[in-house]
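User: Hello! I am new to reading protein models. Could you walk me through one with me, feature by feature?

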Amino acid sequence: PFHEFAHAFTAVKLGDPTPRLEGRYTLNPFVHIDPFGAILIYLVGFGWARPVRWNPRNITVDFRLGSILVAIAGPFSNLLLATLSLVLIRLFFDPRGMFANALGGPDSMVAVWGLNLLYFFADINVLLFVFNLLPIPPLDGSHVLFALLPPGNRQLFYTLAQFGTPLIFLIVFLAPQIIRVPTTWVMETLMQVFLF
């Protein structure tokens with residue numbers, strides 16, 4: 001919901017009321033659920049939400065810049081959530097943190113559970129950040145790519161869009177290192193900045 005709301009928020013702030021009019025300007029997860037994507041998350045651990053629609057004719061900045069800003073808002077919201085999670089780890093679980101003993105000490109069950117949950121939350125959000133920046137339709141990275149390419153690449157976009165979903169499934173299930181390697185690098189960098 002936070003990822004999709006970030007797209008909606010950015011589009012609205014750029015002057016397009018479409019996400020608000022369609023009820024997508026909210027953090028309510030039920031508004032953003034795609035039924036098939038949700039079922040796949042449950043079955044295979046991989047799925048998607050319903051994309052936020054917006055109208056580039058309504059924005060108050062250059063179309064290409066607007067496309068990039070709306071597209072990257074979602075992945076960067078995931079990066080923000082990961083960063084927030086690591087900051088909470090530093091505050092609540094690091095001996096130098098101001099609330100380090102607030103959960104009954106580092107060895108309590110609550111502390112261990114909370115620490116694991118926050119690490120997992122950070123890791124999954126970094127993974128979503130990296131995954132969504134892949135330049136494959138319908139992922140956010142494809143909108144950035146085509147906003148940066150010279151005009152006249154519409155056919156290339158349609159060709160990639162036709163094979164985008166199968167290509168994503170191939171990467172996820174046959175070449176996950178394409179996602180996991182940069183995810184590990186980003187996660188380790190964030191941990192160096194916020195935990196050490």
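Analyst: Gladly! Please keep in mind that this is a predicted model. Let us begin with charged pairs: the structure holds two salt bridges.

User: Which side chains meet in a salt bridge at 2.3 Å, N to O?

Analyst: To read such a pair, find the two side chains and then ask where each one sits along the chain. Here Glu 22 and Arg 53 meet, with 2.3 Å from N to O. Glu 22 belongs to the loop between H2 and helix H3 (29-32), while Arg 53 belongs to the loop between H4 and H5, so the bridge ties together parts that are 31 residues apart in sequence. Glu 22 is partly exposed, at 35% relative accessible area, and Arg 53 is exposed, at 57%.

User: And which side chains form the salt bridge of 2.9 Å?

Analyst: That one joins Asp 123 and Arg 180. Asp 123 is in helix H6 and Arg 180 in helix H9, so this pair ties together parts 57 residues apart in sequence. Asp 123 counts as partly exposed at 22% relative accessibility, and so does Arg 180 at 34%.

User: How do I read the surroundings of a single residue? Is Thr 18 buried or exposed?

Analyst: Start with its accessibility, then look at its neighbours. Thr 18, in helix H2 (residues 18-21), has 16% relative accessibility and therefore counts as buried, since the cut-off for that word is under 20%. Leaving out residues up to four places away in sequence, Thr 18 touches Arg 53, Trp 54, Asn 55 and Asn 58. Its side chain also makes a polar contact of 2.7 Å with the side chain of Asp 16.

User: What does Asn 58 touch in its turn?

Analyst: Asn 58 sits in the loop between H4 and H5 and is partly exposed, at 30% relative accessible area. With residues up to four places away set aside, Asn 58 touches Leu 14, Gly 15, Asp 16, Pro 17 and Thr 18. The side chains of Asn 58 and Asp 16 are joined by a polar contact of 2.7 Å. So Asp 16 has a polar contact with Thr 18 and another with Asn 58.

User: Now the interior. Which residues touch the most other members of the largest nonpolar core?

Analyst: For a core, look for the best-connected members, then for the elements that supply them. This core has 25 residues, and Leu 86, Phe 131, Ile 168, Ile 179, Val 186 and Leu 190 touch the most other members. Two or more residues come from each of helix H5 (63-92), helix H6 (109-132), helix H8 (154-174) and helix H9 (177-194). H6 gives the most, with seven residues. As an example, the contacts of Leu 86 include Tyr 119, Ala 122, Met 187 and Leu 190.

User: What do the buried residues of H7 pack against?

Analyst: They pack against helix H1 (2-13), H5, H6 and H8. Among the buried residues of H7 (residues 140-148) are Val 144, Phe 146 and Ala 147.

User: Which residues make the nonpolar surface patch?

Analyst: For a patch, ask which side chains form it and which elements they come from. Ile 39, Tyr 42, Leu 43, Val 44, Leu 167, Leu 170, Phe 173 and Leu 174 make a patch of about 870 Å². Helix H4 (35-44) and H8 each supply at least two of its residues. Leu 170, for one, lies in H8 and counts as partly exposed at 47% relative accessibility.

User: Where is the cis peptide bond?

Analyst: Look between Pro 137 and Pro 138, where omega is about 5°. Pro 138 is found in the loop between H6 and H7.

Key
Residues numbered from 1 in each chain as written. Predicted model: local features only at pLDDT ≥ 70, side-chain atom pairs only at ≥ 80, totals over all residues. Heavy atoms only, no water. Core = buried A, V, L, I, M, F, W, Y, C linked by side-chain atoms within 4.5 Å. Buried < 20%, exposed > 50% of the residue type's maximum accessible area, 1.4 Å probe, protein only. Helix = DSSP H or I, 4+ residues; strand = E, 2+ residues; numbered from the N terminus. Contact = heavy atoms within 4.5 Å. Patch = residues over 30% accessible without salt bridge, like charges linked within 9 Å, V, L, I, M, F, W, Y side chains within 5 Å. Areas by Shrake-Rupley, 256 points an atom, 1.4 Å probe, with all protein chains shown as cover. Salt bridge = Lys/Arg side-chain N within 4 Å of Asp/Glu carboxyl O. Polar contact = N/O pair within 3.5 Å; in protein donor to acceptor, adjacent residues only side chain to side chain.
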